[in-house]
Amino acid sequence: MEWINIVQNTLNYIEDHLLEDINADKIASQFFISSIYFQKIFSIITGFTINDYIKNRRLSLAGEELAGNKIKIIDAALKYGYESPESFTKAFTRFHGFTPSSLRKGICQLNYFLPLNIKIDVSGGFIMSRKLIPNVEKLYQVKSENYMFPSCMRSVMAAFNEDQAYDFSFFAGISGDFFTQLWLEPKWRYNDSYSNVCKASQKPIKAAFDACGFEYTYVDNTQIKENEAEMLQKIIASIDKGLPVLAFGIVGPPNCSIICGYAQDGKQLIGWSQFTGETNEDELIDQVCAENYFQVGNDLTHIEALIFFGKQKPRVSIAENIKQSILNIPALAALPSTDELRMGKAAFDAWADSLLCDEYFQDETMLEGPLDTYQSCVVQTGTNLFYLDAYLKNALTLCPEIEAQLKTLIDLFAQEKTAFDQLIEYQGGYFFEKDRKALLDKNFRDGLAKHVKAVGSCYEKAIQSIK
């Protein structure tokens, strides 16, 4: 039984490190066992040598990427561990039965080699298995992808071999994340994206799913708690069909994550998240960014919502979607603020006004909350301004019929970017690198509030221009 567990763990390890420089000796060293004996046992149990197993998995994934026109042949060769396109072509042809270039020219039937699961069926014992949907891309590899729902949608579309235009920027624009600013009450609560904070309304969720042409089912926390066992089985069934599940809060803060696998018949859920759920005392935000798959027990009670992918449905073009995201800006600007949530220009004003509340800045021990929240506001504004110029210029190419509105928007958001850069310069770095205790100085906060309001005024002018 011990060797069965080691081999299953080996399969898991290979899947998690498939694109790295791994071989039998390196893997054996991870488990502190003899490489020669380990390789014999692996072959007996799986029917493959370790090298053949790794090669088959890589060639299977390479075929899927090339079929989706997501990668050049030379790049696929390097990505999947081949020294030259020629050696890759030979291995690819032996595995799939045709050359990579043939796949690009016509319809070819790929050979698939899915991750192996070891199942043990012993009377009075247990069954152990692991299933993982391939090609679900890691989240937060691009550090500017600060909105997790668009990042998750980007990753799932890649796994579905959809158009590469369905990227982070596309979903952040379509959902409305790029065109909103939020402030949560009571004061100095950690801020977040529109698609996360307002997910219960399903407006940003529906906009994204309509845009990429998929039906979906949204399950809130109350439904999850009432039907936890049923929801777990639904997650397993979805993964068995090759459909990842989006989960808000499965690990770390309640951001959107992807469940794309399970182990031990669902007792353990596997996927990608921005966070590990672990803490780091040296970080201003005490959540450690994930470097690998999360693997957690099946306690679903901390999940705020689940989203299940349904069948495909008719969709409009990329260009029409982007055009509608621009024309929808007035509707986003008109979203009402509440006692708990400020939207748009009101969010900037609340952010600035909170800097003038002296009771939150009496001494250094009180700064943790304001610094954390302030950082989240800066990240939201900075993320929007980082992507918007390229997003709007792409729209200018795709949607010439609204050229005048787009040129005005580009100009006005550039003015907001200038005001934002002046804010960053005034505060001494993106996250107060110069002096985090500067917030204790009332005169400094007065100046900071004026800069925040100036950014908000530029934002308001840009948003109102569409009307």
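**Exercise 1. Find which residue pairs with Lys-453 in a salt bridge, and where the two partners lie in the chain.**

Lys-453 forms a salt bridge with Asp-353, and the closest N and O atoms of this pair are 3.2 Å apart. The structure is a predicted model, and the distance has to be read in that light. To place the partners, note that Lys-453 belongs to helix H19 (residues 442–465) while Asp-353 belongs to helix H16, so that the pair, 100 residues apart, links distant parts of the chain. As for the surroundings, Lys-453 has a relative accessibility of 34% and therefore counts as partly exposed, and Asp-353, with a relative accessible area of 34%, is partly exposed as well.

**Exercise 2. Helix H16 holds Lys-345 and Asp-349; work out how many residues apart they are and what this separation amounts to in helical turns.**

Begin with the contact itself: Lys-345 forms a salt bridge with Asp-349, the closest N and O atoms being 3.0 Å apart. Both residues sit in helix H16 (residues 345–354), and because they are four residues apart there, about one helical turn separates them. The accessibility can then be added, since Lys-345 is partly exposed at 22% relative accessibility, and Asp-349 is partly exposed with a relative accessible area of 22%.

**Exercise 3. Decide whether Lys-323 is buried or exposed, and describe the salt bridge that Lys-323 makes.**

The partner of Lys-323 is Glu-401, with 3.5 Å between the closest N and O atoms of the salt bridge. This pair links distant parts of the chain, for Glu-401 is in the loop between helix H17 (368–398) and helix H18 (403–427), whereas Lys-323 is in helix H14 (residues 318–327), 78 residues apart. The relative accessible area of Lys-323 is 17%, and buried means under 20%, so Lys-323 is buried.

**Exercise 4. Put the charged side chains of the whole chain into numbers, and name the members of a salt-bridge network.**

The chain carries 45 positive and 60 negative side chains, and the centres of these two sets lie 6 Å apart. Salt bridges in the model come to 18. Glu-137, Glu-145 and Arg-154 are linked in a network of such bridges.

**Exercise 5. Establish where Ser-155 lies and which residues it contacts beyond its neighbours within four places in sequence.**

Ser-155 is located in helix H8 (residues 148–159), and at 0% relative accessibility it counts as buried. Once neighbours within four places in sequence are set aside, Ser-155 is in contact with Asn-135, Val-136, Glu-137, Leu-139 and Ile-258. One of these residues, Glu-137, also takes part in the network with Glu-145 and Arg-154.

**Exercise 6. Judge how compact the chain is for its length, and describe its overall build.**

The chain contains 19 helices and eleven strands. Its radius of gyration is 25 Å, close to the 23 Å that the globule rule gives for 467 residues, so the chain is as compact as a globular protein of that length. Along the principal axes, the C-alpha atoms fill a box of roughly 70 × 55 × 45 Å. Of the 467 residues, 51% are buried, and among contacts with a separation of 6 or more, 68% join residues 24 or more positions apart. The chain exposes about 21,300 Å², of which carbon and sulfur atoms supply 50%.

Terms used: Residues numbered from 1 in each chain as written. Predicted model: local features only at pLDDT ≥ 70, side-chain atom pairs only at ≥ 80, totals over all residues. Heavy atoms only, no water. Helix = DSSP H or I, 4+ residues; strand = E, 2+ residues; numbered from the N terminus. Rg over C-alpha atoms; globule rule 2.2 N^0.38 Å. Buried < 20%, exposed > 50% of the residue type's maximum accessible area, 1.4 Å probe, protein only. Contact = heavy atoms within 4.5 Å. Areas by Shrake-Rupley, 256 points an atom, 1.4 Å probe, with all protein chains shown as cover. Lys, Arg positive; Asp, Glu negative; His and termini not counted. Charge placed at Lys NZ, Arg CZ, Asp CG, Glu CD. Salt bridge = Lys/Arg side-chain N within 4 Å of Asp/Glu carboxyl O.
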